[in-house]
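Colleague: Mind if I quiz you on this one? I'd like the reasoning along with each answer.

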Amino acid sequence: GVMSPFLMPVKLALFAALLVWSVGARPATTLSIGRVAGPSFVELPGGQISAAVRLKLENGSAQRREYTISVGSPDATLRSQPRWEIAAHRSLDIPLYIDVPRASFVHGRRSLQLAVDDGAGFHRVLTVTLLGPEGAQP
């Protein structure tokens, strides 16, 4: 298994090309939902619940991007700012608060669609589970 000295540069060049390819193949934006530190919801007057969601948004592209976050339910309101600017190759932990009717929780849970858009071709919809009060209102 002695390698010819002539093959070594070829192998190195191939390795370098693969390395560049794997870095280039990373998605431009990655999203994940993190655990909320502190209370997962707050009861508001008027039968509304403000539920906390932690969104981790990573901009893997070489340009700064502006992301817009929106909620896909007519009965839900995003309390946090909808626009976040993230520099190239940076990530951001975004605390979101979403107001929804208390009655929409089933066994303390409520599913919701969260859409993230960067205005440059990236669009992703995530389904998140909001945590709220157990049981129906008195």
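Colleague: Are Y67 and F122 buried or exposed?

Modeller: Keep in mind that this is a predicted model. The cut-off for buried is under 20% relative accessible area. Y67 falls in that class, and F122 does too, so the word for both is buried.

Colleague: What kind of aromatic pair do Y67 and F122 form?

Modeller: A search of the whole structure turns up 1 aromatic pair. That pair is Y67 with F122, 6.4 Å centre to centre, with 85 degrees between the planes. Planes over 60 degrees apart count as edge-to-face, so with its 85 degrees this pair is edge-to-face.

Colleague: How many residues apart are Y67 and F122?

Modeller: Y67 sits in strand β4, residues 65-71. F122 is in the loop between β8 (109-117) and β9 (123-131). The pair therefore links distant parts of the chain, and the separation is 55 residues.

Colleague: Which residue in β6 stands opposite Y67?

Modeller: Start with the strands: β4 and β6 (residues 83-86) pair in the antiparallel sense over 4 bridges. Across from Y67, the residue in β6 is W84.

Colleague: And which residue in β8 stands opposite T68?

Modeller: β4 is also joined to β8 by 4 bridges, and these two run antiparallel. Opposite T68, the β8 residue is D117.

Colleague: Which strand gives the largest share of the largest nonpolar core?

Modeller: That core has 24 residues, with L55, I69, L96, I98, V116 and L130 having the most contacts inside it. β3 (48-59), β4, β6, β7 (90-101), β8 and β9 each supply at least two of its residues. The largest share is 5 residues, and the strand it comes from is β3.

Colleague: Which residue of β6 that stands opposite Y67 is also in contact with I69?

Modeller: Leaving aside neighbours within four places in sequence, I69 is in contact with L55, L78, P82, W84, I94, L96, L114, A115 and V116. The β6 residue opposite Y67 is on that list, namely W84.

Colleague: Why does S73 count as buried?

Modeller: S73 lies in the loop between β4 and β5 (77-78). Buried means under 20% relative accessible area. S73 makes that cut because its relative accessibility is 17%.

Colleague: With which side chain does the side chain of S73 make a polar contact?

Modeller: Not counting residues up to four places away in sequence, S73 touches R110 and L112. The polar contact is side chain to side chain at 3.4 Å, and the partner is R110.

Definitions and conventions: Residues are numbered from 1 along each chain as its sequence is written. This is a predicted model: local features need pLDDT of at least 70, side-chain atom pairs count only at pLDDT 80 or more; totals for chains, interfaces and linings use all residues. Side-chain values use heavy atoms; hydrogens and water are left out. Rings of Phe, Tyr and Trp (its six-membered ring) pair if their centres lie within 6.5 Å; planes under 30 degrees apart count as stacked, over 60 as edge-to-face and the rest as tilted. Buried means under 20% relative accessible area, exposed over 50%, partly exposed in between (1.4 Å probe, protein chains only). Two strands pair if DSSP finds at least two bridges between them. A polar contact is a pair of N or O atoms within 3.5 Å; within protein, one must be able to donate a hydrogen and the other to accept it, and residues adjacent in sequence count only if both atoms are side-chain atoms. Contact means heavy atoms within 4.5 Å. A nonpolar core is a set of buried Ala, Val, Leu, Ile, Met, Phe, Trp, Tyr and Cys residues joined through side-chain atoms within 4.5 Å.
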